[in-house]
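Hi,

Here's the model I promised to pass on. Have a look at it first, and my notes on what turned up are underneath.

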Amino acid sequence: MYLYNDIIEESEVKERVGGSATDTEIEMKLKLYSYWISSCSFRVRFALNLKGLPYDYLAVTSFSDPEFLKLNPIGFVPVLVDGDSVIVDSLAIIMYLEDKYPDPPLLPRDIHQRAINFQAATIVSSSIQPFQNYTVVKYIEEKVGTDEKLPWTQSVIGKGFMALEKLLKDHARRYATGDEILLADLFLAPQLDTAIKRFNVDMKEFPTLSRLHETYNEMAAFRKALPENQPDAVH
């Protein structure tokens with residue numbers, strides 16, 4: 001693993017969507033164990049940027065590293081370390097950040113809008129991402145054949161995107177569930193980027209998702225979190 005200092009410049013902090021961390025909080029630097037191309041890590045990087053929280057980026061180069069497995073025995077990223085607290089899994093990390101640094105909020109007060117956010121996040125995290133994960137795709141390659149990898153991944157993503165398109169078409173405005181960027185966006189933005197850039201998913205059937213993807217790309221907090229902009233990125 002390698003450590004990279006990732007200090008957010010003052011101008012970048014001001015550009016995120018409202019709110020700010022206190023000086024005391026910023027001095028207590030968070031540590032994020034990440035991997036550049038991991039969409040799960042991407043979600044957390046996006047959340048940290050939106051909340052204006054500086055953090056140390058620790059690139060995980062071996063998921064079987066004994067030291068890393070002490071932090072997360074399942075051997076996945078992301079992992080967030082905040083003092084003595086170790087939090088694994090992107091949703092758990094984002095909820096932890098939301099509780100500790102509630103400004104700007106990533107969950108709406110309205111319970112119905114809140115439910116839509118959790119539904120969208122769950123479709124991505126439970127019904128799409130696990131089935132495009134490297135370990136699954138590698139297994140398909142070994143057991144079925146190399147030519148089946150891309151069709152499998154595109155099929156899984158397409159099914160999930162169809163569900164998301166139907167879920168959000170009556171709720172999306174500037175962002176996925178309204179005019180504020182919220183939890184659903186943190187899960188959608190990395191998944192859309194991955195689908196388009198890595199898996200060549202045809203987006204013609206998903207006009208709402210396509211528009212959201214364009215909106216996310218206008219945001220500095222999103223662009224800073226992009227895989228290709230990480231210090232361990234392989235180009």
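A good place to start is the right-handed β-α-β unit made by β2, helix α3 (residues 39-50) and β3. Keep in mind throughout that this is a predicted model.

**The strands**

Within that unit, strand β2 (residues 30-34) runs parallel to β3, and the pairing covers five bridges. If you want a spot to click on, leucine 30 sits opposite tyrosine 55 of β3.

Is β3 enclosed or open to the outside? Strand β3 (residues 55-59) is largely enclosed by the rest of the structure, because five of its five residues are buried. Tyr55, Tyr57 and Ala59 point one way from the strand, while Asp56 and Leu58 point the other way. Yes, that puts an aspartate among the buried residues: Asp56 is counted as buried along with the rest.

β2 also pairs with β4, this time in the antiparallel sense and over three bridges. There, tyrosine 33 has valine 79 of β4 as its bridge partner. Strand β4 (residues 79-82) shows Val79 and Val81 pointing one way and Leu80 and Asp82 the other, all of them buried.

Next, β4 pairs with strand β5 (residues 85-88), again antiparallel, over four bridges. Aspartate 82 is matched with serine 85 in β5. The hairpin of β4 and β5 has two residues between its strands, and glycine 83 in this hairpin has a positive phi near 65°.

**The nonpolar cores**

The largest nonpolar core has 57 residues, and the ones touching the most other members are Phe46, Phe161, Leu188, Leu209 and Tyr216. Which helix gives the most to it? That would be α9, with eight residues. The core takes at least three residues from each of domain 1 (31-100) and domain 2 (111-228).

Leucine 188 is a nice one to display with its neighbours. Leaving out residues up to four places away in sequence, Leu188 touches Val124, Leu164, Leu168, Ala176, Leu209, Leu212 and Tyr216. Another core, of seven residues, lies apart from the largest one and includes Leu58, Val60, Phe68 and Val77. As a general point, nonpolar side chains tend to be buried together in soluble globular proteins.

**Salt bridges**

How many salt bridges does a search of the whole structure find? Twelve. Here are a few to look at.

- Glutamate 141 bridges to lysine 138, with the closest N and O atoms 3.6 Å apart. Both are in helix α7 (residues 134-143), three residues apart, or about one turn of the helix. Glutamate 141 is partly exposed at 22% relative accessible area, and lysine 138 is partly exposed too, at 31%. Lys138, Glu141 and Lys149 are linked in a network of salt bridges.
- Lysine 197 and glutamate 228 meet at 2.7 Å, N to O. This pair links distant parts of the chain, 31 residues apart: lysine 197 is in helix α9 (residues 183-197) and glutamate 228 is in the segment after α11 (220-225). Lysine 197 is partly exposed, at 43%, and glutamate 228 is partly exposed, at 29%.
- Lysine 204 bridges to aspartate 202, the closest N and O atoms being 2.4 Å apart. Lysine 204 is exposed, with a relative accessible area of 68%, whereas aspartate 202 is partly exposed, at 45%.

**Backbone oddities**

Most residues other than glycine have a negative phi, and most peptide bonds are trans. With that in mind, these spots deserve a look.

- Valine 77 and proline 78 are joined by a cis peptide bond, with omega about 10°. Proline 78 is in the loop between α4 (66-71) and β4.
- Aspartate 103 and proline 104 are also joined by a cis peptide bond, with omega about 0°. Proline 104 is in the loop between α5 (90-100) and α6 (111-132).
- Aspartate 89 isn't a glycine, yet its phi is positive, near 85°. It lies in the loop between β5 and α5 and is partly exposed, at 45% relative accessible area.
- Asparagine 200 likewise has a positive phi, of about 50°. This asparagine 200 is in the loop between α9 and α10 (207-216) and counts as exposed, at 52%.

Cheers

Definitions and conventions. Residues are numbered from 1 along each chain as its sequence is written. This is a predicted model: local features need pLDDT of at least 70, side-chain atom pairs count only at pLDDT 80 or more; totals for chains, interfaces and linings use all residues. Side-chain values use heavy atoms; hydrogens and water are left out. A salt bridge is a side-chain nitrogen of Lys or Arg within 4 Å of a carboxyl oxygen of Asp or Glu. Buried means under 20% relative accessible area, exposed over 50%, partly exposed in between (1.4 Å probe, protein chains only). Two strands pair if DSSP finds at least two bridges between them. A crossover is right-handed if, with the strands pointing away from the viewer, the path from the first strand over the helix to the second runs clockwise. A nonpolar core is a set of buried Ala, Val, Leu, Ile, Met, Phe, Trp, Tyr and Cys residues joined through side-chain atoms within 4.5 Å. Domain bounds come from an automatic or database domain assignment. Contact means heavy atoms within 4.5 Å.
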